[in-house]
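Colleague: I am new to this structure and should be grateful for a close look at one part of it, namely the charged side chains and their partners. Please set that part within the chain as a whole.

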Amino acid sequence: MERYRTRKLLLALTAAGGLLLTACSGSGDSSGGSNIADRDISGLPAPAHGDEDATSEQDDRREDPDHLSTFALDVDTASYGYARRALADGRFPDPSTVRPEEFVNSFRQDYERPDGDGFSVTVDGARTGDEDWSLVRVGLATRTSERTGERPPAALTFVIDVSGSMAEPGRLDLAQESLSVMTDRLRDDDSVAIVTFSDEAETVLPMTRLDGHRDEIHDVISELDIRDSTNLGAGVETGYETAVEGLHKGATNRVVLVSDALANTGDTDADTILERISGERREHGITLFGVGVGSDYGDALMERLADKGDGHTVYVSDEDEARKVFCEELPRNIDLTARDAKAQVAFDPETVEEFRLVGYDNRRVADEDFRDDRVDGGEVGPGHTVTALYAVRTEPGAEGHLATATVRWLDPDTRDPHEETGDLETDALHDSLRAAPSRFQVTAVAAYFADTLRSGDDRYDRLPGAPDSFAELAGRARALAGTTEDRAVRGLAAAIEQADHRRG
């Protein structure tokens, strides 16, 4: 917390020197932190879209954006999955691959669900024991997944990496087995296409309806074999061309990329690859779902492809994870409930001295772009939750309104904008992390784990309330595993223990 104290002191000295403090960092502050110095700002979010009665006073109080935090929603979990794989292999993950929001979003939450499409908004928090510091959780949830028979039909184009690196056990063989099981679980009115790529890309199965053709699809999957280099760009481009050729009106059209993302031939830059398929993405709304595999994994490339390709990523390292992704999550969450979803949190400067968003480093959005629907957001389906965690320092003895969280999204079909909000008061903060609900505590432990993996032994840049060691953090995770009886939380405890042994 020394970083925060130093910054506060510098601000105070500047003010004492008679300089006018004007905020210019906004969401562009790469550190993710913000110090609220102007006491004339209301802390309220922007007036509601289309609200002609919003007062000029409220507009004036928003001139300084330092009290706002804006980001695109993200449901990726690949960073946590890959970190677990690295630790199981006896090594620490590269800090550049550790994205705290993906650790946090890997665990089930108990947020209230909305009755229809759109989001519910839950805002809660707990004091940490560090002086005036709390953790504040913003939770967004979509409606529960409908029964498989009630969703729209799916048209899925699988783009499968068959390059030499996919020969390692747990890569192509894992994908083949999972795809085979998934083929049996999809509906008769669903359709599947398969594209393979190594040094070149090839459509080995055009878009094919499941009804009456399952044996044919099984044969194609079983005959996939290893070839040469990894021309991922050609694979993605051919995959989108195949998806457009087999486009089904009224269906959910999606490209599913299965790869270790170790591109070494052709286009290897995410932006270049995405530019080549930009027309198909924009005109037809085809989303990209990235499935990462392998002990060596091109995390940065896959993550950027999915983020900018209006999709998300997961990472699988064993049969159980692969079956869950292909046989449960993908068929259940084929549909979309929100496009270009963004969140904006407004902290009240009367009660909040400074704050820091945990993670979402490459999902930040300029505050003034929150209601600009041309600016890309995140795509979210039914049954998803999105969690953002903030470290918040309140004014000593502050009471009253603390924060308002607003989520904005576009209807997937009509592109009409919608918003929902939630509030938090200081008296609603739990007295301590241990007094908070168990799911809040799991969120905190996951964030502390990611933060420690990313910052190492640098105690000056750690989250407030962070345990002193992996061993202490593992103890908290074990206790929560018993309280929640959640297999995923047991896995979190095991991963933290592996990190502790590795550092030991």
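Modeller: The account below begins with the whole chain and then turns to the charged residues.

The model is predicted, so local features are reported at a pLDDT of at least 70 and side-chain atom pairs count only at pLDDT 80 or more, while totals for chains, interfaces and linings use all residues. Residues are numbered from 1 along each chain as its sequence is written, and side-chain values use heavy atoms, with hydrogens and water left out.

The protein chain contains 14 helices and 16 strands; these are DSSP runs numbered from the N terminus, with helices (H or I) of at least four residues and strands (E) of at least two. Of its 504 residues, 58% are buried. Here buried means under 20% relative accessible area, exposed means over 50%, and partly exposed lies in between, for a 1.4 Å probe and protein chains only. The accessible surface of the chain is about 20,300 Å², and 43% of that belongs to carbon and sulfur atoms; the areas come from the Shrake-Rupley method with a 1.4 Å probe, and for residues only the protein chains shown count as cover. Among contacts with a separation of 6 or more, 79% are between residues 24 or more positions apart, a contact being heavy atoms within 4.5 Å.

A search of the whole structure finds 34 salt bridges. The term denotes a side-chain nitrogen of Lys or Arg within 4 Å of a carboxyl oxygen of Asp or Glu.

One of these pairs is R99 with D299, whose closest N and O atoms are 2.7 Å apart. Because R99 lies in the loop between α3 and α4 (100–104) and D299 in helix α10 (residues 299–308), the pair ties together parts that are 200 residues apart in sequence. R99 counts as buried because its relative accessibility is 8%, and D299 counts as buried at 5%.

A further pair is D124 with R137, where the closest N and O atoms are 2.6 Å apart. D124 belongs to strand β3 (residues 120–127) and R137 to strand β4 (residues 133–141), so this bridge ties together parts that are 13 residues apart in sequence. D124 is buried at 12% relative accessibility, and R137 is buried with a relative accessible area of 3%.

R171 and E168 also form a salt bridge, with their closest N and O atoms 3.1 Å apart. Salt bridges that share partners join R85, D89, E168, R171 and D260 into one network. Within this network, R171 is buried, with a relative accessible area of 2%, whereas E168 is partly exposed at 26%.

R85, another member of the network, is found in helix α3 (residues 78–88). Its relative accessible area is 14%, and R85 is therefore buried. Leaving aside residues up to four places away in sequence, R85 touches E168, G294, S295, Y315 and S317.

Y315 also appears among the contacts of E321, which touches R84, Y315 and V316 when residues up to four places away in sequence are not counted. E321 is placed in helix α11 (residues 319–332). The C-alpha atoms of E321 and S178 are separated by 9.6 Å, although the two residues are 143 residues apart along the chain.

On the surface, D215, E216, D219 and E223 gather in a patch of negative charge. Such patches are made of residues with over 30% relative accessible area and no salt bridge, like charges being joined within 9 Å and nonpolar side chains (Val, Leu, Ile, Met, Phe, Trp, Tyr) within 5 Å. Lys and Arg count as positive and Asp and Glu as negative, while His and the chain ends are not counted; the place of a charge is taken as NZ of Lys, CZ of Arg, CG of Asp or CD of Glu. Within the patch, E223 lies in the loop between α6 (214–222) and α7 (232–245), and counts as exposed because its relative accessibility is 59%.

D211 is found in the loop between β7 (201–209) and α6. This residue is partly exposed, with a relative accessible area of 39%. The C-alpha atoms of D211 and R187, 24 residues apart along the chain, are separated by 7.8 Å.

Finally, R415 has a positive phi of about 65 degrees although it is not a glycine. R415 lies in the loop between β15 (401–410) and β16 (417–425), and is partly exposed at 38% relative accessible area.
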